[in-house]
Amino acid sequence: MTGSLPRLARTAAELSEPSETPLSERAVVMTMGALHDGHAALIRAARRRVGPDGQVIVTVFVNPLQFGAGEDLDRYPRTLDADLRIAGDAGADTVFAPAAEEVYPGGEPQVRITAGPMGERLEGAARPGHFDGMLTVVAKLLHLTRPGVSFYGRKDAQQLALIRRMVRDLNFPVEIVGVPTVREPDGLALSSRNRYLSAAERDTALALSRALTTARSAADGGPVAVREAARRVLDEAAAGAGPSLALDYLALVDPADFTGVADDFAGEALLAVAARVGATRLIDNMPVHLPGTAPAPAGPAPGTTVPAVSPGAH
């Protein structure tokens, strides 16, 4: 299918037209449109996974439940014609682009998925209700598209973690796959919101990725050094003569539940940042390996005899 326009489905009935593709060979990539190379990477990963005979569905839906008061629902770019071309070139078979009335025929749903404690941290604290709305539409679109596997970008790391948790907790029969963040050559993470940035604001926005890479290089110094290294880069950008940078949060967290890690933490962590550059809110993150110093295992007390244990014993 690569290079040709995918089939466009506007309704659930059109989407569910008979298909000979087994569910195990059907992949879905969920988007809000305004597709870019990051979305294309997700679609290509989906195509590789299901092979030339599998089915790749891309959803394009600007979900009103994810936008809070004062956020950019009406301003969010809608570029379906261009999205169809990008999706087709990347290997999509079908684009499902429903209207809000199709997804929520009775108006905003009264019954929704609740994101729980993880959904109240970081992005959830900055955008109350955002993750409840995100999980509700993801659950609905998983039911409508019925994939065996679904692909999401790691740039939205907290979103990905919550989708994994929902699928596990509620026994959705689908595999969730995270795809690495796609970046511009200068390090800026690809985002549909980047188009809102002026040239000067884009230069300021580079402080986010620069803070992350600088912090990761300080990992041998532990969590305190990582946070301080990132903060110095962001403070310098905020104090500069260019467009404003207002930090929402900078957090070093456990990627499983997005709780902050202790100052003596060792292992795999995630450094997450959100900031407003001018009027545009951007997020980014980067995994950080914190080597730490593992304590020596406690040995037997002097004079104690340790019984031998066979490899298979419990």
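## Helix H7, the annotated residues and the paired strands

The buried residues of helix H7 are covered by elements that include helix H5 (123-126), helix H6 (130-145), strand S5 (149-153), strand S6 (175-179), S8 and S9, where buried means under 20% relative accessible area, exposed over 50% and partly exposed in between, with a 1.4 Å probe and protein chains only, and where contact means heavy atoms within 4.5 Å. Helices (H or I, at least four residues) and strands (E, at least two) are DSSP runs numbered from the N terminus. This is a predicted model, in which local features need pLDDT of at least 70 and side-chain atom pairs count only at pLDDT 80 or more, whereas totals for chains, interfaces and linings use all residues. Residues are numbered from 1 along each chain as its sequence is written, and side-chain values use heavy atoms, with hydrogens and water left out.

H7 itself has 13 residues and reaches 18 Å from its first C-alpha to its last, close to the 18 Å expected at 1.5 Å a residue, the expected span being 1.5 Å times one less than the number of residues. Its buried residues are Ala157, Gln158, Gln159, Leu160, Ala161, Leu162, Ile163, Met166 and Val167. After the helix comes Asn171, with a positive phi near 55°.

One of these H7 residues, Gln159, is listed by UniProt together with Gln66 under "binding site", in an unreviewed entry; UniProt positions are given in the numbering used here, feature names are shortened, and annotations may be inferred rather than shown by experiment. The two residues are spread over 94 residues of sequence, yet they cluster in space, with a largest C-alpha distance of 11.5 Å. Gln159 counts as buried because its relative accessible area is 18%, and, if residues up to four places away in sequence are not counted, Gln159 touches Phe131 and Met134. Gln66, by contrast, is placed in the loop between strand S3 (55-60) and helix H3 (80-90), and Gln66 is buried too, because its relative accessibility is 9%. Leaving aside neighbours within four places in sequence, the contacts of Gln66 are Met32, Glu71, Arg127, His130, Gly133, Met134 and Val137.

The loop of Gln66 leads on to H3, in which Leu80, Asp83, Leu84, Ala87, Gly88 and Ala90 are buried. Seen down the axis of H3, these buried residues fall within an arc of 165°, so they line one face of the helix; the arc is that of the directions from the helix axis to the C-beta atoms. They pack against strand S1 (7-9), helix H2 (37-50), S3 and strand S4 (94-96), while Asp81 and Asp89 are exposed on the other side of H3.

H2 also holds His39, which UniProt lists under "active site" in an unreviewed entry. His39 is buried, because its relative accessible area is 11%, and His39 touches Thr31, Gly33, Ala34 and Ser192 when residues up to four places away in sequence are not counted.

Among the elements covering H7 is S8, a strand of residues 267-277 that is mostly covered, with nine of its eleven residues buried. Strand S7 (residues 245-253) runs antiparallel to S8 and is joined to it by eight bridges, two strands being paired if DSSP finds at least two bridges between them; Ala251 has Ala272 in S8 as its bridge partner. S8 also pairs with strand S9 (residues 280-290) in the antiparallel sense, over eleven bridges, and Leu270 stands opposite Pro287 in S9. In the hairpin of S8 and S9, two residues lie between the strands, and Gly278 takes a positive phi near 65°.
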